Amino acid sequence: MSRLRIFIISGLSGSGKSYAIKAFEDMGFYCVDNLPSALLPKFVELCAQSGKGIHNVALGIDIRERDFLGSFDQLYDETKAMGHDFQVLFLEASDEALVRRFSESRRPHPAVKGKPLGEAIRLERDMLQDVRRRADRIIDTTDLTVHQLRQELVKRYKPKEGKQELTVSVTSFGFKYGVPYDADLMFDVRFLPNPNFVPVLKELTGRQKPVQEYVKKNGTTGKFMRKIMSLLDFLVPHYKSEGKNYLTIAIGCTGGRHRSVAIAEFLKDKLKAGGLEVVVRHRDIER
């Protein structure tokens, strides 16, 4: 019996689960959407015994399958005990984003028919709390396009031939807009002087040289960068030896426009100089 890599893709209706399933299918995963939850252990067993080269499986299971919630914990434990690489990916988004998406698509919410949309969304969020608690990774799609969601999934989960290299994703954000759910490491840089209170810098961003020079000239910035690089010099080899191929570092300030952006850019340059593959995303820079 071969060892499988299995992903359960679940989450809130309207959060992008269908797009996620398509992305996994394009990556070569054997995909089934809306599989009856009672069939999960047997389905996994058949895939492992098939002899058809099935190694990567992605299954969409959510509120549409009515027995899913009541049996999820038991099925999770049974499947985990089979010895496969079993992970749960949970997708969610803000109530406002979900309302907008359902309004644009004009599709009814599947959770509770006949109830106002906002109430149905809140009810489904409550119903899925136990599934969310079991998730190995939570992705908030509020600010992601379907193309950005696909890129995130490909970077994290696409099977790679041969030796896997570690890709580092550095995300800047503003605490006032909420913290990223998918961060492996998170650093708060609100202790640095804020360019927002300097009139000539207020309308600029941390991507621009005047803001970067303002942030960099503070002696604390250099000390912080040395300490964070020392930490990463220690952690990255251990992450690699563990087989981790994607690391997300989140850098936050108040609004996500100046300090966090500048520090993320500094960190990107240092990590690239160390030979790592680095991608940068400034989540709140335009807010």
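**Exercise 1. Find which residues D284 is in contact with, leaving aside its neighbours within four places in sequence.**

Solution. Start with the meaning of contact: heavy atoms within 4.5 Å. With neighbours within four places in sequence left aside, D284 is in contact with S172, F173, G174, Y177, G255 and G256. Next, place the residue: D284 sits in the segment after β9 (277-282). Strands here are DSSP runs of E with at least two residues, helices are runs of H or I with at least four, and both are numbered from the N terminus. Then check one partner by backbone distance: 28 residues separate D284 and G256 along the chain, yet their C-alpha atoms are 5.2 Å apart. Last, look at exposure: D284 counts as buried because its relative accessibility is 0%. Buried means under 20% relative accessible area, exposed means over 50%, and partly exposed is in between (1.4 Å probe, protein chains only).

Before going on, a word on the model: it is predicted, so local features need pLDDT of at least 70 and side-chain atom pairs count only at pLDDT 80 or more, while totals for chains, interfaces and linings use all residues. Residues are numbered from 1 along each chain as its sequence is written, and side-chain values use heavy atoms, with hydrogens and water left out.

**Exercise 2. Is S169 buried or exposed, and which residues is S169 in contact with, leaving aside its neighbours within four places in sequence?**

Solution. First find S169 in strand β6 (residues 167-174). Its relative accessible area is 4%, so S169 is buried. Now list the contacts, again skipping neighbours within four places in sequence: Y246, L247, T248, I249 and V279.

**Exercise 3. Is E96 buried or exposed?**

Solution. Go to helix α4, where E96 lies. E96 has a relative accessible area of 59%, so this one is exposed. For a distance check, take I121, 25 residues away along the chain: the two C-alpha atoms are separated by 9.9 Å.

**Exercise 4. Work out which helix gives the most to the lining of the largest pocket.**

Solution. Get the rule straight first. On a 1 Å grid over the protein atoms alone, a pocket is an open set of points with protein on both sides within 12 Å along at least five of seven lines; a cavity is a set where a 1.4 Å probe fits but cannot get out; lining residues have an atom within 4 Å of a point. Points are joined across faces, edges and corners, and a volume is the space filled by probe spheres set on them.

- The largest pocket holds about 670 Å³ of space.
- Its lining has 24 residues, with S13, G14, S15, S18 and R107 nearest the centre.
- α1 (17-26), α4 (95-105) and α7 (146-157) each supply at least two lining residues.
- The answer is α4, with four residues.

**Exercise 5. Which residues line the largest cavity?**

Solution. Count first: there are two cavities of 30 Å³ or more. The largest cavity has about 40 Å³ of space. I8, S37, L40, I61, F68, F72 and L75 line it. Helix α3 (residues 68-80) gives the most to this lining, with three residues.

**Exercise 6. Describe the protein as a whole.**

Solution. Tally the secondary structure: ten helices and nine strands. Then take burial: 48% of the 287 residues are buried. Finish with the contacts: of those with a separation of 6 or more, 81% are between residues 24 or more positions apart.
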